[in-house]
Amino acid sequence: GLEEGAKNQFSTFSNFITTINQKKEDIGNRNSPTQLVIPNIKNGRDLPALCLDVRQKKRLSMDTIPQELKAPIPPEPSLPIRTKTVKDFQDDMEKSKASGDWKAVHNFYSTTFDSFLEINAAFKKDTNSPFNTIEDSGIDAKFVNVVYDALLNTPQDVQKSVLKGIINGLLQEWTGPRTKDDLRAYCILLQNPQFSNTSTYVIYAHLLRQIAALTEADHHFLVHWSKKISQKRFKQVVDRLLQFISLRLFPAKPEEFPPMVKCTWWIPSATKVLALFNAANSLISPPIISYTDFYNSTLDHIDLMEEYHNWQCYGNSHRFSFCQYPFIISIAAKKVIIQRDSEQQMISIARQSLVDKVSRRQKPDMNMLFLNVKVRRTHLVSDSLDELARKKADLKKKLKVTFVGEAGLDMGGLTKEWFLLLIRQIFHPDYGDSFKCDNYSEFRLVGALMGLAVYNSITLDIRFPPCCYKKLLSPPIVPCDHNALVGICGVTLDDLFQIMPELAHGLSELLSYEGNVEEDFYSTFQVFQEEFGVIKSYNLKPNGDKIPVTNRNRKEYVQLYVDFLLNRSIYKQFAAFYYGFHSVCASYALLLLRPEEVEILVCGSPELDMSALQRSTQYEGYQKTDLTIRYFWDVVLGFSLDLQKKLLHFATGSDRVPVGGMADLNFKISRSETSTNWLPVAHTCFNQLCLPPYKNKKELRQKLIIGISNAEGFGLE
């Protein structure tokens, strides 16, 4: 009901837009931070980075600011006295609905939103208390929610009065730092549901611009206050910001918005405010909403490589790029960036090889453009590791695999088969038992193998604990200093639960033990570990064997023990694995990834949705309504999970689902004109299944199961 009236109202806002632009120009130039990163302060807790600088070799961190180091707090002006309670407001709403007289409600809304002071007078829990700490915003969240929930059910003139009041607040002349009352008003206004309507976007944009231009110390308060918002309201604010960005990029009705050249600051401002909510979300464990709720799939349709190259060239300078705020980019979009970056590296390396060959007056050949791996199936692991060790200089070329004695040509299918079989054998317990923990070259080669998979867009069936991916991104770019530590990350008891659940449970019991820890456990800061049948002791801190574990220091003991198990005790092995992975996969694109996203890129998704595959399948020689095709899907949808995985492996060379889901497989079923006595045939390079027109469902099921259950090896037709 707001839209039509609001449009007419906003058509008179041209003066407002001009005025607020002029007033903000100087303020924006003076105060607007180009990077929303709070500087490191000693004794502060780590907050998540809001953006990343490509020129740095590690992720930036954002630290909380101790109370004594915050910006000077200006005196709070005295607030008007407002005594209306939630009950009073609800009674007014009921009376207005019953009588049709909205005067009392109109007065409340027009007064409350007329200025930042009035907003505080209405919604501050205690107008006599300063509420100037990060722990408590002082906002009466219940009252705010009730008022906003009722707002969209009021007449248009009431809703317009709220918007007019917000304009008054935004037009106020700002001098000096903001007060905490100002920050409270911003926090409350961000939750206004009216900003879901595109006709309010001009006002919304200016609100976002002012918030984005706040000082780092003020952002620090907003981050901590935002984490106290309920999950429902928090997600509504995030969704509203994402919608604002999407509709500014691709407006359904361009005439609703000012020309893009006049509002280039809209998207950067909204993204910076969204970064505050992303930071707040990361402070809570578990987070308020999933990290995927910050993805904006609209960005999948812009020129991502231009964004990426701008970011590489300009870093976090004044030139905006979504890559400065990678939390907003979906994993599917990040995969595209990494894939194209890898392709460009492959082309560059191949071109350089060709130039080198020609400059030496040697005859070039096609093989020099690829990483050619020749292996025997009977000696798969040893042959593969030998090949990778000998051809380190070629690891960034396009991978091509040949199985000795087989006629298959690698158009992608043999590569997928090689990875699948190799990973299966390397992680088999029999091979693990023979793996030498002091042979760091083997760890490096396994890391290189995993890097090759990501570099060549192959998903692997492996199960690494989540902290492994955190360690792979610590740091995401290999340091120039060879003495710098790598693979060391912050680890918690939750990480240990994923690997050693019984030990983690015991340590958790120690933390919650109510008796005398020192007398009852009789432990010290020394731990013991069995290595190849020999028990060795390690001090968790200097003279640890002489320091008893007590009720007071048990948290330190547990943290040091977890760090020892997941970082210190395996440092050399994991460092070799880290360098192996990054020797192939080194790219600034890794700065865009969360550990969870690296896992998805490496492993794909284990969830098989065969109905989704059915919907996206293409046909050649068949129609989806043909009897053979209907038989096929009846059989496949009735398969066990194991048989469905075998079918996927048979047809595509991998039983994993790629990042973009089943639709990204480009699966095709072609009609085979051979006898129905023949088994189905697959072209794994093209994810294609060739299916004879079997006469009935029973015959199709029988032949299909035989085919997919005997699917190792390649030949040429």
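What does the protein average in pLDDT, and what share of the residues score at least 70? This is a predicted model, and the protein averages a pLDDT of 85, with 86% of the residues scoring at least 70.

**View 1. The start of the chain, residues 1–71.** Here pLDDT stays under 50. The model still has 168 contacts beyond four places in sequence for this stretch. Take those with a pinch of salt: where pLDDT is low, the predicted coordinates should not be read in detail.

**View 2. Strands β3 and β4 with helix α15 between them in a β-α-β unit.** The unit is right-handed. Strand β3 (residues 370–375) and β4 run parallel, and 6 bridges join them. One pairing to pick out is Lys374, whose bridge partner in β4 is Thr402. Now look at the two faces of β4 (residues 398–403): Leu399, Val401 and Phe403 make up the covered one, while Lys398, Lys400 and Thr402 are on the uncovered one.

**View 3. Trp418 and the residues it touches.** Leaving out residues up to four places away in sequence, Trp418 touches Leu399, Val401 and Phe403, the very trio on the covered face of β4. Its other contacts are Val373, Val375, Leu380, Ser384 and Leu449.

**View 4. The largest nonpolar core, with 147 residues.** Trp418 turns up again here: together with Tyr109, Phe277 and Met450, it touches the most other members. Helix α12 (residues 266–283) gives the most to this core, with 10 residues. Apart from it lies another core, of 28 residues, and among them are Tyr622, Leu643, Leu691 and Tyr694. As background, nonpolar side chains in soluble globular proteins tend to be buried together.

**View 5. Cys685, in the loop between β9 and β10.** An unreviewed UniProt entry annotates Cys685 as "active site". The loop runs between β9 (681–683) and β10 (688–691). Is Cys685 buried, exposed or partly exposed? Cys685 counts as partly exposed because its relative accessibility is 23%, and the buried class stops under 20%. Setting aside neighbours within four places in sequence, Cys685 is in contact with Leu409, Met411, Gly412 and Gly413.

**View 6. Asn120, a residue of helix α5.** The helix covers residues 116–123. Asn120 has just 1% relative accessibility, so it counts as buried. Not counting residues up to four places away in sequence, Asn120 touches Leu79, Thr127, Asp181, Arg184 and Ala185. Pro80 is 40 residues from Asn120 in sequence, yet their C-alpha atoms are 8.8 Å apart in space.

Key:
Residues are numbered from 1 along each chain as its sequence is written. This is a predicted model: local features need pLDDT of at least 70, side-chain atom pairs count only at pLDDT 80 or more; totals for chains, interfaces and linings use all residues. Side-chain values use heavy atoms; hydrogens and water are left out. Buried means under 20% relative accessible area, exposed over 50%, partly exposed in between (1.4 Å probe, protein chains only). Helices (H or I, at least four residues) and strands (E, at least two) are DSSP runs, numbered from the N terminus. Two strands pair if DSSP finds at least two bridges between them. A crossover is right-handed if, with the strands pointing away from the viewer, the path from the first strand over the helix to the second runs clockwise. A nonpolar core is a set of buried Ala, Val, Leu, Ile, Met, Phe, Trp, Tyr and Cys residues joined through side-chain atoms within 4.5 Å. Contact means heavy atoms within 4.5 Å. UniProt positions are given in the numbering used here, feature names are shortened, and annotations may be inferred rather than shown by experiment. pLDDT is the predictor's confidence in each residue, from 0 to 100.
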